[in-house]
Amino acid sequence: MQQVNLGIIGGGTVGSGVFDALQRNGALMASRLGVGLQVTRVAVRDLKKNRAVKIPRALLTTDWREVVCDPEVNLVAELIGGTTIAREVVLTSLKLGKPVVTANKALLSAHGEELFAAAKKFGTNLYYEASVAGGIPIIKSLREGFVGNRITALYGIVNGTCNYILTRMKLEGADFAAVLADAQKLGYAETPPDLDIDGHDAAHKIGILASLAHGFWVNPKKIHVEGIRYISALDIKFAGELGYTIKLLGMVKKLESGCRVQVSVYPTLIPNAHVLASVNGVFNAVFVRGDIVGDALFYGRGAGKDATASAVLSDLADAALDLKFGTKHRLPPFVPHECSGAVAPIAEVVSQYFVRLNVADKPGVLAKIATIFGEANIGISSVIQPEGHAGESVPLIFMLHYATNGAALKALANIAKLPAVKGKPVMIRVESFE
Ligand code: NAP
Ligand code: HSE
């Protein structure tokens with residue numbers, strides 16, 4: 001049987017997971033593909049590090065170039081993370097005509113356009129299934145399964161760390177910092193974890209899905225991103241009382257006019273009756289709406305050694321088949337096809353809102369706030385001033401009808417200037433999935 005020699009760059013959570021998974025299921029894959037995968041070299045930073053998965057010393061090196069440029073290595077997996085050395089690893093491999101598999105969403109977000117162009121130029125492919133939603137095969141599904149659809153909307157819970165934190169805060173009333181430390185121990189979080197909790201990791205992933213769905217590489221700077229740091233136990237509690245669950249939700253929505261698309265990541269109130277509200281823990285889900293297929297839902301582990309390794313194995317299989325049969329007959333992993341596509345500015349995007357204020361408990365305050373919303377032409381669908389909050393200031397919660405983000409933010413800025421309003425207003429968007 002033909003054999004493909006694999007060089008792995010990185011032996012951490014994902015790299016060691018791939019090594020382990022190939023030990024377990026390499027023979028099965030070979031029998032399915034008609035081509036075997038053999039790990040020939042593995043590059044790491046520290047040869048002396050104690051690893052949960054033992055990689056034979058003879059395979060290890062600290063010099064990634066030794067792996068990539070080894071004439072015996074014909075397929076490279078970039079699993080180190082970051083955007084500098086990883087970019088060099090990928091470009092060097094592609095220039096040598098070697099297919100590359102990466103799990104690195106930060107790299108693709110920043111340099112995707114350049115890397116896919118290089119793959120095309122050098123007649124090979126760059127695969128990236130593990131870069132989005134861990135073990136869920138969403139890249140292949142969008143690329144192949146939905147090739148006949150226009151994707152009108154896509155919603156994703158695509159950061160395992162944030163979903164794990166928000167779930168434990170809701171179900172156990174757990175403390176943010178303690179749960180984050182657990183997510184780090186479990187190998188879910190990025191280094192540093194700010195990439196997760198500030199929403200950037202989810203933005204990298206949602207940008208990749210938006211690019212694939214709409215055929216133009218989304219500039220990450222155009223994605224509106226908010227993380228979960230400002231979500232408090234109070235917001236989770238009041239959202240729950242109103243029948244909602246807070247999730248960090250990535251959204252890609254085709255707007256009515258032209259080729260403009262909303263691409264955003266922010267904490268969102270999801271109705272408890274919607275399936276995405278019950279995606280808990282490290283699990284991810286991607287909800288896709290296509291003009292032909294209708295609604296489709298994908299669910300699975302979004303992070304961790306084995307789930308991510310499963311996605312890498314699927315790409316390794318595609319790359320091995322490229323080497324066996326050539327790339328000409330295959331749909332390339334990314335095909336630009338929408339030259340006039342653009343991301344809509346968030347100020348123009350229309351949403352509904354949950355607003356939590358901390359206000360002085362005095363007559364007339366509610367009327368002043370309602371006047372500002374009224375003057376901005378923003379309708380109020382409900383107001384709650386929960387009882388049992390004695391003190392000088394009390395929480396006041398508004399649910400607002402559809403308004404542009406620009407109008408809502410301007411009204412909130414005016415409300416924040418009222419002397420009766422204490423601290424910064426909290427505004428969380430509400431999604432009805434219509
Ligand atoms: P990790 O545990 O920190 O592992 C990184 C590995 O890269 C380590 O083995 C490290 O070596 C090695 N490394 C770093 N710089 C190197 C260099 N210059 N030369 C050679 N080796 C180098 O990270 P990870 O969690 O496996 O993540 C890897 C990639 O997968 C990232 O792009 C990440 O975003 C992505 N990803 C991760 C997950 C997940 O659940 N963890 C899921 C999906 C995608 P040492 O071991 O010697 O330090
Ligand atoms: N840090 C990422 C997450 C890893 O928590 O989702 C998977 O991409």
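**Figure 1. Composition of the shell around ligand 2 in the predicted model.** The residues of this shell divide into four nonpolar, four polar and five charged. The structure shown here and in the other views is a predicted model. In total, 13 residues surround ligand 2, and the closest are K105, G160, T161, Y188 and E190. Two helices, α6 (160-172) and α9 (200-214), each supply at least two residues of the shell.

**Figure 2. Polar contacts and burial of ligand 2.** Two oxygen contacts are shown: an oxygen atom of ligand 2 is 2.7 Å from a polar backbone atom of G160, and a polar side-chain atom of K205 lies 2.8 Å from an oxygen atom of the ligand. On the nitrogen side, an N or O atom in the side chain of E190 is 2.7 Å from a nitrogen atom of ligand 2. Both G160 and E190 are listed among the closest residues to this ligand. Ligand 2 exposes 260 Å² when taken alone, and the protein buries 93% of that area.

**Figure 3. Surroundings of ligand 1.** The shell around ligand 1 holds 24 residues, of which V14, D46, K49, R51 and G304 are the closest. By class, this shell has nine nonpolar, nine polar and six charged residues. Backbone atoms of glycines provide the polar contacts displayed: an N or O atom of the G304 backbone lies 2.7 Å from an oxygen atom of ligand 1, and a backbone N or O atom of G12 lies 2.8 Å from an oxygen atom of the ligand. A nitrogen atom of ligand 1 is 3.1 Å from a backbone N or O atom of G187. On its own, ligand 1 has 900 Å² of accessible area, and the protein covers 88% of this.

**Figure 4. Packing of helix α5 against helix α9.** The axes of α5 (residues 138-145) and α9 come within 10 Å and cross at roughly 10°. Because of this crossing angle, α5 is roughly parallel to α9. Residues I138, I139, L142 and R143 in α5 meet I208, L209 and L212 in α9. The contact has six nonpolar, no polar and one charged residues. Helix α9 also supplies at least two residues of the shell around ligand 2.

**Figure 5. Packing of helix α3 against helix α4.** Helix α3 (residues 85-95) and helix α4 (residues 105-121) have axes that come within 10 Å and cross at roughly 10°. The two helices are therefore roughly parallel. From α3, the contact is made by A86, R87, V90, L91 and L94, and from α4 by L107, H111, E114, L115, A118 and A119. Eight of the contact residues are nonpolar, one is polar and two are charged.

**Figure 6. Backbone geometry in two loops.** Most residues other than glycine have a negative phi, and most peptide bonds are trans. The peptide bond from T191 to P192 is cis, with omega near -5°. P192 is found in the loop between α7 (176-185) and α8 (194-197). In the second loop, A133 has a positive phi of about 65° although this residue is not a glycine. A133 lies between β6 (126-127) and α5, the latter being the helix whose axis comes within 10 Å of that of α9.

Methods:
Residues numbered from 1 in each chain as written. Chains lettered and ligands numbered in written order. Predicted model: local features only at pLDDT ≥ 70, side-chain atom pairs only at ≥ 80, totals over all residues. Heavy atoms only, no water. Axes fitted to C-alpha atoms, helices over the stretch in contact; angles between N-to-C directions. Helix = DSSP H or I, 4+ residues; strand = E, 2+ residues; numbered from the N terminus. Parallel < 35°, antiparallel > 145°, perpendicular 65-115°, else oblique. Contact = heavy atoms within 4.5 Å. Nonpolar A, V, L, I, M, F, W, Y, C, P; charged D, E, K, R; others polar. Near = heavy atom within 4 Å. Polar contact = N/O pair within 3.5 Å; in protein donor to acceptor, adjacent residues only side chain to side chain. Areas by Shrake-Rupley, 256 points an atom, 1.4 Å probe, with all protein chains shown as cover.
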